[in-house]
Amino acid sequence: KKYNVAILGATGAVGTEFLKLIEERNFPFAELRLLASKRSAGKQIEFMGKTYTVQEATKDSFEGIDIALFAGGSVSKEFAPYAVRAGAVVIDNSSTFRMDPEVPLVVPEVNPEDILKHKGIIANPNCSTIIMVMALKPLYDLARIKRIVVSTYQAVSGAGKEGIDELTDQTKAYSEGREMEAHILPSASLPKHYPIAFNLIPQIDVFLDNLYTKEEMKMINETRKIMHDDEMRITATTVRVPVYRSHSESVNIEFEHDLELKDMAAAINAFPGIQMMDDPSNQIYPMPLYTSEKYDCFVGRLRRDESNPNTFNLWVVGDQIRKGAALNTLQIAEVMIKNGWLEK
Ligand code: 2RA
């Protein structure tokens, strides 16, 4: 069976990756409708030997659509209800619906059964959350997790094509001895912007009253929802780094009881979508320069935290645009197709 698919945000970094993955993974689409804001409407996109014209998204854009892939951003709030009313299942990358109790928040390898609770919308978690829970879930199945301390090193691709372009332009300017210009990071909507080339910015998204950023609270709240454990104590520090596409995360995990490193490594290797890359004696560990464009997440630096009982450190790296966004979204649709969960 083939499905009529709409992509909202077809011209951005995530939308472009949807198309690459649909082709790479032979996603069974019949009709493909590319939608974007007025600004990007009219653009021609060559895809699988056909020329598609990107249409401006309107409330009527979803008639006859089975699966609506939303790349994210504020447009999701406006168009999701129209797509649901037209009978489509919306898989949304934006943060709009993630904490809505009526909307499942899904990493297909971690909590696929939650998909069945959907009422038309399924939310794709934040990229840094997805990459972390891919490492947590195989370990949580060995021992319940009591506390997590995570620091992230997040690629500029999280800020879209504009973030990627800024890193390139600033690196070029710096190497040519010119002033680096900053217009995007830490967040386009903020009054101050800082260069990311040769720099780190300890702010992703806006600050909240508790002095955490929205990004940090997403990691805390979304992880508890995906893993169905509101008791887990979590603290996060999310940092933007001059890396193009993969997010890296240093995770300290306190379990309910002690574990053996070999059992933890075996559990991670046995879990789909993640694998160990961990051999310190041969300087083997995951690095973002080499994990980009890959489907899997990678874990290294697994070791005991000698400062606390039942506690371990690990380093996990994953492609932000793929597993962090477009791949996870498409995999949700793939799981629905495989299980017959799309049939009305
Ligand atoms: C970022 N996680 O990295 C956010 C949104 N993709 O900017």
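UniProt positions are given here in the numbering used for this structure, with feature names shortened, and such annotations may be inferred rather than shown by experiment. The structure is a predicted model, in which local features need pLDDT of at least 70 and side-chain atom pairs count only at pLDDT 80 or more, whereas totals for chains, interfaces and linings use all residues. Residues are numbered from 1 along each chain as its sequence is written, and side-chain values use heavy atoms, with hydrogens and water left out.

The annotation "active site", which comes from an unreviewed UniProt entry, covers Cys127 and His247. These residues span 121 residues in sequence, yet no two of their C-alpha atoms are more than 8.2 Å apart, so they gather at one spot. Both Cys127 and His247 are included in the lining of the largest pocket; on a 1 Å grid over the protein atoms alone, a pocket is an open set of points with protein on both sides within 12 Å along at least five of seven lines, and lining residues have an atom within 4 Å of a point.

Cysteine 127 belongs to helix H3, which comprises residues 127-140, while histidine 247 is found in strand S11, residues 246-255; helices (H or I, at least four residues) and strands (E, at least two) are DSSP runs, numbered from the N terminus. Cysteine 127 counts as buried because its relative accessibility is 8%, and histidine 247 counts as buried at 0%, where buried means under 20% relative accessible area, exposed over 50%, and partly exposed in between (1.4 Å probe, protein chains only). With residues up to four places away in sequence not counted, cysteine 127 touches His247, Gln320 and Gly324, contact meaning heavy atoms within 4.5 Å. On the same basis, the residues in contact with histidine 247 include Cys127, Tyr153, Arg240 and Gln320. The side chains of histidine 247 and glutamine 154 are, in addition, joined by a polar contact of 3.4 Å, a polar contact being a pair of N or O atoms within 3.5 Å, of which, within protein, one must be able to donate a hydrogen and the other to accept it, and residues adjacent in sequence count only if both atoms are side-chain atoms.

A second annotation, "binding site", is listed by UniProt, again in an unreviewed entry, for Thr11, Gly12, Ala13, Val14, Arg39, Ser40, Ser157, Gly158 and Gln320. These residues span 310 residues in sequence, and the farthest two C-alpha atoms are 25.0 Å apart, so they do not all gather at one spot. The lining of the largest pocket nevertheless includes residues of this annotation, among them Arg39, Gly158 and Gln320. Arginine 39 lies in the loop between strand S2 (29-36) and strand S3 (44-47) and is exposed, with a relative accessible area of 76%. Glycine 158 is placed in the loop between strand S9 (145-154) and helix H4 (160-175), is partly exposed at 38%, and touches Arg240 and Gln320, residues up to four places away in sequence not being counted.

Outside these annotations, aspartate 229 occupies the loop between helix H5 (214-226) and strand S10 (233-240) and counts as buried at 5% relative accessibility. A polar contact of 3.2 Å joins the side chains of aspartate 229 and arginine 144.

A search of the whole structure finds zero disulfides, a disulfide being a pair of cysteine sulfur atoms within 2.5 Å. For cysteine 297, the nearest cysteine sulfur, that of cysteine 127, is 11 Å away, and cysteine 297 is buried, with a relative accessible area of 0%.

Key:
On a 1 Å grid over the protein atoms alone, a cavity is a set of points where a 1.4 Å probe fits but cannot get out, and a pocket is an open set with protein on both sides within 12 Å along at least five of seven lines; lining residues have an atom within 4 Å of a point.
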